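User: Could you walk me through this one? I have the sequence and the coordinates open and would like to go piece by piece.

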Amino acid sequence: MRIGGARIVLTIRDASRQFRREDVASAHRDGKQLVLLAPDGAELARETSDLSWSRLDEALTAHGHRWEPEDPHREA
């Protein structure tokens, strides 16, 4: 995973997917999976991650991305 102010890049095996900042409303943890949500609440990505959740939170927020402690649509 690469995080920058303009985008988030997820690399799984040999394939990379880029998500522009304006296309990602928030990121959160769901069990062992990282979930990226669009502004309309749709899932953009759901990938198993072994990254430190606290470091991921710090890195995302340091670059201006929004981290949620849990799924913001959990009740829905």
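Analyst: We can take the helix, then the sheet, then the core and two loop residues, bearing in mind throughout that this is a predicted model.

User: Fine, helix first. Which residues of α1 are buried?

Analyst: In helix α1, which spans residues 53-62, the buried residues are Trp53, Leu56 and Leu60. They cover an arc of only 55° around the axis, so they lie on the same side of α1. As a general point, an α-helix has 3.6 residues a turn, so residues three or four places apart point the same way.

User: And what does the face turned away from that buried side carry?

Analyst: That face of α1 carries the exposed residues Arg55, Glu58 and Ala62.

User: What do the buried ones pack against?

Analyst: The buried residues of α1 pack against five strands, namely β1 (2-3), β2 (7-12), β4 (26-30), β5 (33-37) and β7 (67-68).

User: Where is the positive phi just after α1?

Analyst: Gly64, just after α1, takes a positive phi of about 85°.

User: OK, switching to the sheet. What is the strand order?

Analyst: The open sheet is formed by 4 strands in the order β6-β5-β4-β7, and their pairing is mixed. The edges are held by β6 (43-48) and β7, and because each of these has a single partner strand, one side of each is left without a neighbour in the sheet.

User: How many bridges join β5 to β6?

Analyst: There are 5 bridges between β5 and β6, and the two strands run antiparallel; within that pair, Leu34 has Glu47 of β6 as its bridge partner.

User: What about β4 and β5, parallel or antiparallel?

Analyst: β4 and β5 run antiparallel and are joined by 5 bridges, with Ser26 standing opposite Leu37 in β5. The two strands form a hairpin that has 2 residues between them, and Gly31 in the turn has a positive phi of about 65°.

User: And in which sense do β4 and β7 pair?

Analyst: β4 pairs with β7 in the parallel sense, over 2 bridges, and here Ala27 stands opposite Trp67 in β7.

User: Now the inside. Which residues make up the largest nonpolar core?

Analyst: That core has 12 residues in all: Ile8, Leu10, Phe19, Val24, Ala27, Leu34, Leu36, Ala45, Trp53, Leu56, Leu60 and Trp67. The elements giving two or more residues to this core are β2, β5 and α1, and α1 gives the most, with 3 residues.

User: Leu34 keeps coming up, so what is Leu34 in contact with?

Analyst: Leaving aside its neighbours within four places in sequence, Leu34 is in contact with Met1, Leu10, Ala27, His28, Ala45, Arg46, Glu47, Ser49, Trp53, Leu56 and Trp67. Among these contacts, Glu47 is also the bridge partner of Leu34.

User: Last topic, the loops. Is Ser49 buried or exposed?

Analyst: Ser49 is buried, because its relative accessible area is 15% and the cut-off for buried is under 20%. This residue is found in the loop between β6 and α1, and, leaving aside neighbours within four places in sequence, Ser49 is in contact with Lys32, Gln33 and Leu34.

User: And Arg13, buried or exposed?

Analyst: Arg13, in the loop between β2 and β3 (15-20), is exposed, with a relative accessible area of 74%.

User: How far apart are Arg13 and Thr48 in space?

Analyst: Arg13 and Thr48 are 12 Å apart from C-alpha to C-alpha, while in sequence they are 35 residues apart.

Note on methods: Residues are numbered from 1 along each chain as its sequence is written. This is a predicted model: local features need pLDDT of at least 70, side-chain atom pairs count only at pLDDT 80 or more; totals for chains, interfaces and linings use all residues. Side-chain values use heavy atoms; hydrogens and water are left out. Buried means under 20% relative accessible area, exposed over 50%, partly exposed in between (1.4 Å probe, protein chains only). The arc is that of the directions from the helix axis to the C-beta atoms. Contact means heavy atoms within 4.5 Å. Two strands pair if DSSP finds at least two bridges between them. A nonpolar core is a set of buried Ala, Val, Leu, Ile, Met, Phe, Trp, Tyr and Cys residues joined through side-chain atoms within 4.5 Å.
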